[in-house]
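User: Please take a close look at the salt bridges of this model, and set them beside the nonpolar core.

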Amino acid sequence: FSLSNKTSQILSLCFVGLSPDDLNFSTNSAFFFIVFYNNSKLYLYYNLIKSSIKNIQFMKKNSFTYDELINCANGQLFGPGNAKLPLPPMLMFDRITEINDGNGAFKKGSLKAELDIKKDLWFFDCHFKEDPVMPGCLGLDAMWQLVGFYLGWLGNPGKGRALGVSTVKFTGEVLQNIKKVRYEIDMKKIMAPGGTTVGLANGLVFADDKKIYSAENLKVGLFK
């Protein structure tokens with residue numbers, strides 16, 4: 001029997017022995033129950049679709065606040081098992097001011113992010129005593145973080161890992177008198193060998209608009 005036939009049989013058994021008035025009331029009740037049940041399912045599907053669209057739209061935003069970056073670090077942006085940013089103090093920017101998938105120097109996408117420099121930032125106390133300077137490796141890590149974020153933002157699955165860099169040059173430094181550090185990333189290539197997503201990019205770091213670091217072929221992978 002089809003599902004509709006089985007349902008009809010069950011309803012028929014339920015209505016046996018009822019008076020005409022009771023039968024009419026029960027029939028109307030059953031009808032409204034079926035309508036309500038089906039509408040409830042439709043409403044549930046609508047909410048699921050609406051939620052999915054909202055998540056996709058959020059992921060494809062073109063800028064992200066500090067709180068949104070923290071959500072990403074907690075796994076609430078790209079979903080379980082996918083790309084995350086590190087939590088503070090290793091999160092090396094306060095906001096992503098611009099992220100796009102069709103522009104940049106290589107027309108493969110680009111990002112811009114900023115870090116506000118405060119005299120009480122954790123690394124100034126230990127690097128170095130009485131000679132505070134931001135470690136250059138943290139600026140490099142920030143660029144890796146941004147490349148990994150970009151791959152997740154595109155919707156690629158997997159956990160992010162830095163894989164290397166071809167060339168890094170330091171021509172300046174971040175001291176306590178600097179107000180803001182700016183990062184600029186130009187995506188060069190995105191590959192997916194064997195289901196693993198790998199991104200290549202060039203990056204620049206600026207201290208109050210003065211270029212101080214440059215990196216070529218920053219390489220980050222997302223691994224399922």
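Analyst: The salt bridges come first, then the core.

This is a predicted model, in which local features need pLDDT of at least 70 and side-chain atom pairs count only at pLDDT 80 or more, while totals for chains, interfaces and linings use all residues. Residues are numbered from 1 along each chain as its sequence is written, and side-chain values use heavy atoms, with hydrogens and water left out.

A search of the whole structure finds 6 salt bridges, a salt bridge being a side-chain nitrogen of Lys or Arg within 4 Å of a carboxyl oxygen of Asp or Glu. One of them pairs D116 with R95, with 2.5 Å between the closest N and O atoms. D116 belongs to strand 2 and R95 to strand 1, and the two residues are 21 residues apart, so this pair links distant parts of the chain. Strands (E, at least two residues) and helices (H or I, at least four) are DSSP runs numbered from the N terminus.

D116 has a relative accessibility of 22% and counts as partly exposed; R95, at 24%, is partly exposed as well. The classes are buried under 20% relative accessible area, exposed over 50%, and partly exposed in between, with a 1.4 Å probe and protein chains only.

R182 takes part in two of the pairs: with E184 the N to O distance is 3.0 Å, and with D209 the distance is 2.8 Å. D209 sits in the loop between strand 6 and strand 7, whereas R182 is in strand 5, so this bridge ties together parts 27 residues apart in sequence. D209 is exposed, at 64% relative accessibility. Through shared partners, salt bridges also join R95, E114, D116 and K180 into one network.

Now the core. The largest nonpolar core holds 48 residues, and F93, I96, F149, Y183 and I185 have the most contacts inside it. Such a core is a set of buried Ala, Val, Leu, Ile, Met, Phe, Trp, Tyr and Cys residues joined through side-chain atoms within 4.5 Å. Among the elements that each supply at least two residues are strand 1 (95–100), strand 2 (110–116) and strand 5 (180–191). Helix 5 gives the largest share, 11 residues.

I96 is in contact (heavy atoms within 4.5 Å) with S63, F64, L69, K112, A113, L146 and F149, leaving aside neighbours within four places in sequence.
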